[in-house]
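Here are a few short exercises to work through with the model open beside you. Try each task before you read its solution.

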Amino acid sequence: MSTRSLPPHGADTDQDLTFAWLEVTGFCNLYCSHCYADSSPRGTHGTMTAARWKDCIDQLAAMGTQNVQFIGGEPTLYPHLIDLIGHAARAGLAVEVFSNLTHVSAKLWGAFTEYRVRLATSYYSDTAEEHDTVTARPGSHRRTRANIQRAQELGLTLRGAVISALPDQGAEDAFRDLTDLGLTAVGGDHTRAVGRAGQGASPTVADLCGQCAQGKLAIGPNGDVWPCVICRFISMGNVLVSPLKDIWAGPATRRARAEIEAVHRPQPAQSCTPPQCLPWCGPCSPCAPDAEATIGVSGRIGS
């Protein structure tokens, strides 16, 4: 697989914005121990309205962005998700939804099929006990596994990743379970000390993969713009205050890139695969929602 070429260390050049995470909600039905967003049943949908999200999608399309991923929290619990999926698809954007796949309604399956939405999910174990320990929700393994099978039956593209969140976690067995279910795009990542996984410690740039704000950004439920969904402790602006094109070309974004590059360059980015740090976080690229190539099963869990 090829890797993205990045500007030289310290370069201050404009970049095309090719991908955006749209974190439409901080609400989630699970309480995963490693959640970088600190999402939970206590989370909210934030202050961004559906109309504001549509405006952001229009701005992204006008900027030449190719791909968006709806994420959370749990995006399937956001009441306007179907409307936003349709709006993004009609704007010419490739759409992916990152979901825990425990709560997919018949209407959502219909929208996923109609708009050929790509899906991504996390998976923690081939056993219900271990998986449900990570999610803190009994029955989550059964529901996720059943909906993985449902997505396969509908012919939808689904990527999975095993996140190492527990000591002695059966990660390799989880990998095999996903491939046995028919997934051809399976990756993995270790827990990053951000959000709930930080256990109260302040996050640092060293916890990142080093590719944040390189052709991508994230927009949060309150309109905040971050270099990526993991790097939510560095602000580049807010879409309720400024247009996206001004934020992307603005000084706060340049400062964010410089701060991240100062820590991660000239060292190469660490290996990471979706869904924790996607897409295009080399050296594992491409892993964009519209990429024809798939990511093979790897043994990088917990590395």
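**Exercise 1. A loop residue and its backbone**

Task: Classify Arg116 as buried, partly exposed or exposed, then find where Arg116 lies and look at its phi.

Solution. Start with the surface: Arg116 has 47% relative accessibility, so it counts as partly exposed. The classes are buried for under 20% relative accessible area, exposed for over 50%, and partly exposed in between, with a 1.4 Å probe and protein chains only. Next, the place: Arg116 is in the loop between helix 3 and strand 4. Helices (H or I, at least four residues) and strands (E, at least two) are DSSP runs, numbered from the N terminus. Last, the backbone: phi is positive at about 50 degrees, although Arg116 is not a glycine.

Before going on, note that this is a predicted model, in which local features need pLDDT of at least 70 and side-chain atom pairs count only at pLDDT 80 or more, while totals for chains, interfaces and linings use all residues. Residues are numbered from 1 along each chain as its sequence is written, and side-chain values use heavy atoms, with hydrogens and water left out.

**Exercise 2. Around strand 4**

Task: Work out which strands pair with strand 4, and in which sense.

Solution. Look at strand 3 (residues 94–98) to begin with: strand 3 pairs with strand 4 in the parallel sense over three bridges. Two strands pair if DSSP finds at least two bridges between them. Within this pairing, Glu96 has Arg118 of strand 4 as its bridge partner. Now turn to strand 5 (residues 158–164), which pairs with strand 4 over five bridges, again in the parallel sense. Here Leu119 stands opposite Leu158. Then check the cover: five of the six residues of strand 4 (residues 118–123) are buried. Finally, add helix 3 (residues 106–114): strand 3, helix 3 and strand 4 form a right-handed β-α-β unit. Right-handed means that, with the strands pointing away from the viewer, the path from the first strand over the helix to the second runs clockwise.

**Exercise 3. The two sides of helix 8**

Task: Decide which residues of helix 8 are buried and which exposed residues its opposite face carries.

Solution. List the buried residues of helix 8 first: Ala252, Thr253, Ala256, Arg257, Ile260, Glu261 and His264. They sit on the same side of helix 8, because they cover an arc of only 165 degrees around the axis; the arc is that of the directions from the helix axis to the C-beta atoms. The face turned away from this buried side carries the exposed residues Arg255 and Ala262. Part of what covers the buried residues is helix 7 (244–248).

**Exercise 4. Cysteines without partners**

Task: Find how many disulfides the structure holds.

Solution. Recall the chemistry: a disulfide is a covalent bond between the sulfur atoms of two cysteines. The test used is a pair of cysteine sulfur atoms within 2.5 Å, and a search of the whole structure finds zero. Take Cys35: the closest cysteine sulfur, in Cys32, is 6.5 Å from its own, too far for a bond. Then take Cys212, which is in no disulfide, with the nearest cysteine sulfur, that of Cys228, 3.4 Å away. Cys212 is also buried, at 2% relative accessibility.

Key
Contact means heavy atoms within 4.5 Å.
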